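Let's take a walk through this protein model together. Keep the 3D view open and look up each residue as we reach it.

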Amino acid sequence: MRSIDVPLLASTLALCLLGALVLDSVTAHAPHVSPEMKRQALAMAVGLLLALALSRLPPSAFARASVPLYLFGVSGLLAVRFIGHISHGARRWISLGPLGEFQPSEPAKLVLLIAVATLLANGLPRVTALRTLGALLLAAVPCALILTQPDLGTAVVLAGTTMAMLIVSGASPILLVALCTSGVLAAPHFMHSYQQHRLTTYMHPELDPMGMGYNLIQARTAVGSGRIWGDGLFAGPMSQHGFVPENHTDFIFSAIGEELGLVGGVGFLLLYAILIGCVVRTALAGRTRLEVLLATGVAAMLSLHVAVNIGMVIGLVPATGLPLPFTSYGGSAVITHFAALGVVLSVYRSRVRDQDAAGEEQFCTA
Amino acid sequence: MDVPWTWRMRLTVLALIGVWALGVCGHRLYQLQAVEGAIWQRRARSNTILSVPVPPPRGRILDARGRVLATSQPGYSVTVTPDEAGGDMRLLAHALRVPLLHIQHRIQRGARLSPHDPTVVANALSSVQVARVATILPHLRGVHLQIRPQRRYPYGTMLSHVLGYVGEISEAAYRRLRRQGYHADDTVGQSGLEQQYDAALHGRSGAENLYVDAMGRTVGTEGSIDPHPGYDIRLSLDMDLQAFAEQRLQKTLDELTVQNGETTAGAIVMLDPRNGRVRAMVSRPNFDPRQFARGIRQKEYERLMTDPLHPLLSRAYQASYPPGSTFKPLSASACLQSKVCTPDSVFYCSGEYKGFHCFVRSGHGSIDFTEAIAQSCDVTFYQLADRLGIWRMDKFCAAFGLGRPTGIDLPDEQGGLLPTPGWKKRVYHDDWYEGDTINLGIGQGTLLVTPLQMAVAVSAIANGGYVYRPHLVDAILGPHGRVLWTYRAKPVRRIPVKPKWLAAVRKGMEGVVDHGTGVAAKSTLLQLAGKTGTAEAVPTVDNPQGRNHTWFDSFAPAPHPQIVCIVLVVKAGGYGGGVCAPIAKDCIEYWWTHDAKH
């Protein structure tokens, strides 16, 4: 059992369980379990098995597979440009027939993370400007493809994850600041007007009560109305009767706030803190630069999802479509996040194995 | 170990930033849910709970024997909430078979008055309409089928002017009454008793709190306040007598239509002279209040408004006519009291007095006071009026209640016209001449009275001088028939004429029926007294032939009067004794055999 990070898995499974309950609460209409909840449970089972399988691999295996994985991820994003179908005004999904929908931008987050970690972990410990640019170039390709889907939130996560890994690996702060500034300045030129609109309505949702502001106002109202203890699962009037659009996917935290109250909302925050804390602990204990960077990337990815998603629902950051990990409805995201945990578990396991190997060595010499 | 310590340090810093971000989120949650929670909760509830007013059933109108003259029964209505209206309203127009414009007007009205409340688009749906609307409801937003009380008048057009009609509250009235709990689509009385007693009949709306989803569809209920039904009102009139009087008047009017080639109007008022209670009140032509109850169509309304006979106008209390000779008992009372003559005075009628002719051109010769009334001798009353003078005449007329509304419990009552020298100066800029007074003595000239005023005046003569306010409603009944209020009649005033003079006038009126101008009213069942009247009309646009208005005032039984009956037929063309006296006789006989408590 030492080879498995128990607190990490426990907090993940707790999030999955609670998330599935909330999902059922907002999607079910009768006493029956909703089809969304069933599909979500299936995705969670697949994701858990995938995570356990990946944890058996040594971290170096990810580095070796990084090039084909990266190419696979980018080709998925290219494919969605041509055969993807449009929903909610964006081309993000590929139909897999009876298996449902697949969102290539989700695994792209993970494969980019592995590719950047591999690039930065190779060679000398000092990260040169050249390698910084290389890492940014690696990130730029999927970022550009995702921005044109358009999907601002995922692109922000990709850029943020890459940036976190660059900071940890000691890239020149001046260079990073310069690149960040130019990126922020250039961003509006690549943004769709609806994205610019979203950014402005975030500042003043009441100016646009029937458009994007509607979603933000309704979500905030739902969260606030939950008060301390919430209205109870299946009992939140706004969550139950469609007053918050998308409250089974990106806005699921509004249902948590309304039905479970402050207690439930803070409970979710604490569970995410434990989960991410476990990942950071694994990163800090990493034996190689690759291990540290892989775990750092996953921690950054999860943190960005949680902070941006919850911040959006409660009106702290602009509205961008991002799922809440292990809670929002969406198979691609659930499986990708489980796979990312698999990478972290693999790092955790390799550290334990190294210790065991070291112990055996000592024993032999003795 | 190939991981530099700086990496771990920078990672720790990033992790601390993450902790800070989670802390910010947690603080914000605390702010929203614990500090501002109550505000957001109220906002969420107003989002999701819709309070729909439930109209109260309107109180019933009952006759003296408890028969239902007006009641409410549930019917289907289509309502639209303007705030939530969505979808193609052409579907609704087609399902109801009404013009789209009508629906749009209704929604616009609702939007102006109270956009959050449902507004009625169509009332009293047929079962076919209900079925068609039900099939299209899923395609429309904010449209509901609602069961609402609808006004029913079991007696149809009978008593229509007294009952009045109901209709949707007008925009002006709504703005005035909204604070008293009225709603924009409330049904209120628009005329007659329905209007006069609306406060009692209306009741108080309840409310149903509905849980609605974001599409405005009802998903459940959350408590409700029951509506408070309106009170019933009970009238003093008996529908049997009323129905008989209506048919009797209609029969005469039908005969006159054939005879004159022109339809005309008429009225009957029957009062109890002992207390002013109304026993019957008829006006023809009439209208159908059921058209208003279900929402009158534009075409029907235009027809009512453009009809030259004005069917909406009650001839009993909203229209005034010259009283003709029925005025003579009033001026006779005034003359006796003023010592202008005595019951024993004898007059001489040559057929003419100061240029004014008696209707009997050859004259009545010597005639005493009683016979002057019985034979309706004009010359006698010319002389009496001349001697009495306009000032004293006006004083007594005002005491009888002429020239102002009687104060019956009905809206928009007319007060007629009592001419005075001051009035003539003001309106015609002319002096009052002797001839005006003489002409007034026989009820001609500019004097105008309503049949109801005449009934009150005759009641005063019949009951020994007491003027009562005529009254229709006897009692207001609460739930389960509990009596909340009863009408207690008491005289408004006493006319300043001694009872012995009134008895002399009554004797003259007995003579009218016994052997005078009104023998057509002579009954074998009981003794009637009365006075005929034939008001000569100058040919006008309305009345090109210049046909006479005919009257017959009567009371019975003559020794102890219990009923007063006034009959008016407008533009009848004959004489009061011929046209109206038989109607009065039949009505009083019917009352005597069916209604009177011996």
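A charge sits over a ring if NZ of Lys or CZ of Arg is within 6 Å of the ring centre and within 35 degrees of the ring normal. Keep in mind that what you're looking at is a predicted model. With that in hand, go to B:Tyr466: B:Arg494 lies over the face of this ring, at 5.1 Å from the ring centre. You can find a similar arrangement at B:Trp501, where B:Lys500 lies over the face, 4.7 Å from the ring centre.

**Rings that meet rings**

How many aromatic pairs does a search of the whole structure find? There are 11 over all chains. One of them is made by B:Phe287 and B:Phe292, which meet edge-to-face, 5.9 Å centre to centre and with 85° between the planes. Are these two rings buried or exposed? B:Phe287 has a relative accessibility of 4%, so it counts as buried. B:Phe292 counts as buried too, because its relative accessibility is 8%.

Another pair, B:Phe356 with B:Tyr382, is tilted: the centres are 5.5 Å apart and the planes are at 45°. B:Phe356 belongs to strand E15 (residues 356-357) of chain B and B:Tyr382 to helix H15 (residues 378-388) of chain B, so this pair ties together parts that are 26 residues apart in sequence. B:Tyr382 is buried, at 4% relative accessible area, whereas B:Phe356 counts as partly exposed at 25%.

Back at the edge-to-face pair, B:Phe287 and B:Phe292 are part of one aromatic cluster that also holds B:Tyr165 and B:Tyr301.

**The loop after E12**

Now look right beside B:Phe287. B:Asp288 sits in the loop between E12 and helix H11 (289-293) of chain B. Its relative accessibility is 18%; the cut-off for buried is under 20%, so B:Asp288 counts as buried. Its side chain makes a polar contact of 2.9 Å with the side chain of B:Arg290. Leaving aside neighbours within four places in sequence, B:Asp288 is in contact with B:Gly156 and B:Thr157.

The loop between E12 and H11 of chain B also holds B:Pro285, and the peptide bond joining B:Arg284 to B:Pro285 is cis, with omega about -5°. There is also a cis bond from B:Ala556 to B:Pro557, with omega near -20°. B:Pro557 is in the loop between E22 and strand E23 (563-569) of chain B.

**A five-strand sheet in chain B**

E12, E22 and E23 come together in an open sheet of 5 strands, in the order E12-E11-E23-E22-E21 (chain B), with antiparallel pairing. Which strands stand at the edges? They are E12 (278-284) and E21 (529-535) of chain B; each has a single partner strand, so one side of each is left without a neighbour in the sheet. From one strand to the next, the twist averages 5°.

E21(B) pairs with E22 (residues 549-556) of chain B over 7 bridges, in the antiparallel sense. Along the way, B:Gly533 stands opposite B:Trp551 in E22(B). Helix H20 (residues 499-515) of chain B lies across E21 and E22 of chain B, at about 75° to E21(B).

**Over to chain A**

Chain A has 14 helices and 3 strands. Of its 366 residues, 54% count as buried. Among chain A contacts between residues at least 6 apart in sequence, 71% join residues at least 24 apart.

Strand E1 (residues 85-87) of chain A pairs with E2 (residues 90-95) of chain A in the antiparallel sense over 3 bridges, and A:Ser87 stands opposite A:Ala90. E2(A) also pairs with E3 (residues 101-102) of chain A, antiparallel over 2 bridges; here A:Glu101 is the bridge partner of A:Ser95.

**Positive phi angles**

Most residues other than glycine have a negative phi. Here are two residues with a positive value:

| Residue | Phi | Loop | Relative accessibility |
|---|---|---|---|
| A:Arg227 | near 55° | between H10 (212-225) and H11 (237-240) of chain A | 34%, partly exposed |
| B:His429 | near 50° | between H17 (421-428) and H18 (434-440) of chain B | 65%, exposed |

Note on methods
Residues are numbered from 1 along each chain as its sequence is written. Chains are lettered from A and ligands numbered from 1 in the order in which they are written. This is a predicted model: local features need pLDDT of at least 70, side-chain atom pairs count only at pLDDT 80 or more; totals for chains, interfaces and linings use all residues. Side-chain values use heavy atoms; hydrogens and water are left out. Rings of Phe, Tyr and Trp (its six-membered ring) pair if their centres lie within 6.5 Å; planes under 30 degrees apart count as stacked, over 60 as edge-to-face and the rest as tilted. Buried means under 20% relative accessible area, exposed over 50%, partly exposed in between (1.4 Å probe, protein chains only). Helices (H or I, at least four residues) and strands (E, at least two) are DSSP runs, numbered from the N terminus. Two strands pair if DSSP finds at least two bridges between them. Axes are lines fitted to C-alpha atoms, for helices over the stretch in contact, and angles run from 0 to 180 degrees between N-to-C directions. Contact means heavy atoms within 4.5 Å. A polar contact is a pair of N or O atoms within 3.5 Å; within protein, one must be able to donate a hydrogen and the other to accept it, and residues adjacent in sequence count only if both atoms are side-chain atoms.
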